[in-house]
Amino acid sequence: MPESHKAERRRTQKANRAAGIGDEMGRIPSRVKDPPKMSKCTICQTELKITKTNTELTAHAEGKHGKTIDDCFPGAKEAAADMMKNSQTKGKGGGAPTMTKAERKKKAAAGMDDLLSAGLSTSKKKSGKK
């Protein structure tokens, strides 16, 4: 009977702890997430998570108190801007500029034009018996 990934992960974490790799749980640092940034409302002391777009914070400030996000959560916009900047540099492409959907579509169309001009025909093939 194959074992689950949970058992395999525990075994590797135990080996990591024995070897002195990673944190006290044996987790490798690159796989450990940072705790979320939290901010307290200055009016009602409700603690909410700071995200890239701050939709929850904005909805709370405008809906509950009728104020701006800066009045309720000072420093939240700057933290969100830092998160946006960090997420753009940490991307899978290694910081390479990403293409928009329209640019990818245009590039694919140009590639198809190259194939067609290279000698591939687009005429319909005859099918069926006479």
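Where is Thr68 found? Thr68 sits in the loop between α2 and α3. This is a predicted model, and the report starts from that loop and works outward.

**Overall layout**

The protein chain has five helices and two strands. From the N terminus, the order of elements is α-β-β-α-α-α-α. Of the 130 residues in the protein chain, 13% are buried. Contacts between residues at least 6 apart in sequence include 31% that join residues at least 24 apart. The protein chain exposes about 11300 Å². Carbon and sulfur atoms supply 55% of that area.

**The loop after α2**

Thr68 is partly exposed, at 42% relative accessibility. Leu57 lies eleven residues from Thr68 along the chain, and their C-alpha atoms are separated by 9.4 Å. Gly66, just after α2, has a positive phi of about 70°. Ala61 is in contact with Gly66, Lys67, Thr68, Ile69 and Cys72, leaving aside its neighbours within four places in sequence.

**Helix α2**

Which residues of α2 are buried? They are Leu57, His60 and Ala61. An α-helix has 3.6 residues a turn, so residues three or four places apart point the same way. The buried residues of α2 cover an arc of only 90° around the axis, so they are on the same side of the helix. The other side of α2 has Thr55, Ala59, Glu62 and Gly63, which are exposed.

His60 belongs to helix α2. Its relative accessible area is 11%, so His60 counts as buried. The side chains of His60 and His65 are joined by a polar contact of 3.2 Å. Neighbours within four places aside, His60 is in contact with Cys41, Cys44, Thr46, Leu48, His65 and Phe73.

**The nonpolar core**

The largest nonpolar core has ten residues: Cys41, Leu48, Ile50, Leu57, Ala61, Ile69, Cys72, Phe73, Ala76 and Ala79. Helices α2 (55–65), α3 (69–72) and α4 (76–89) each supply at least two residues of this core. Leu57 and Ala61 are thus named twice: among the core residues, and among the buried residues of α2.

**Cysteines without a bond**

How many disulfides are there? The count comes to zero. Cys41 is in no disulfide, and its nearest cysteine sulfur, that of Cys44, is 3.7 Å away. For Cys72, the closest cysteine sulfur is in Cys41, at 4.1 Å, which is too far for a bond. The cut-off behind this is a pair of sulfur atoms within 2.5 Å. Cys41 is buried, at 1% relative accessibility. Cys72 is buried too, at 0%. Both residues are also part of the nonpolar core.

**Strand β1**

Ser39 has its place in strand β1. With 11% relative accessibility, Ser39 counts as buried. Not counting residues up to four places away in sequence, Ser39 touches Thr46, Glu47, Leu48, Ile50 and Phe73. Among these, Leu48, Ile50 and Phe73 are core residues. Ser39 and Pro74 are 35 residues apart in sequence, yet their C-alpha atoms are 8.5 Å apart in space. Phe73 is a contact of Ser39, and Phe73 is also a contact of His60. Thr46 and Leu48 likewise appear among the contacts of Ser39 and among those of His60.

**Positive phi outside glycine**

Most residues other than glycine have a negative phi, and most peptide bonds are trans. Two residues here depart from the usual sign of phi. Both are listed below.

| Residue | Phi | Location | Relative accessibility |
|---|---|---|---|
| Gln45 | near 65° | loop between β1 (38–40) and β2 (47–49) | 47%, partly exposed |
| Asn54 | about 55° | loop between β2 and α2 | 4%, buried |

Is Asn54 buried or exposed? Asn54 is buried, because its relative accessibility is 4%. Gln45 is partly exposed, at 47%.

Notes: Residues are numbered from 1 along each chain as its sequence is written. This is a predicted model: local features need pLDDT of at least 70, side-chain atom pairs count only at pLDDT 80 or more; totals for chains, interfaces and linings use all residues. Side-chain values use heavy atoms; hydrogens and water are left out. A nonpolar core is a set of buried Ala, Val, Leu, Ile, Met, Phe, Trp, Tyr and Cys residues joined through side-chain atoms within 4.5 Å. Buried means under 20% relative accessible area, exposed over 50%, partly exposed in between (1.4 Å probe, protein chains only). Contact means heavy atoms within 4.5 Å. Accessible areas come from the Shrake-Rupley method with a 1.4 Å probe; for residues, only the protein chains shown count as cover. A polar contact is a pair of N or O atoms within 3.5 Å; within protein, one must be able to donate a hydrogen and the other to accept it, and residues adjacent in sequence count only if both atoms are side-chain atoms. The arc is that of the directions from the helix axis to the C-beta atoms.
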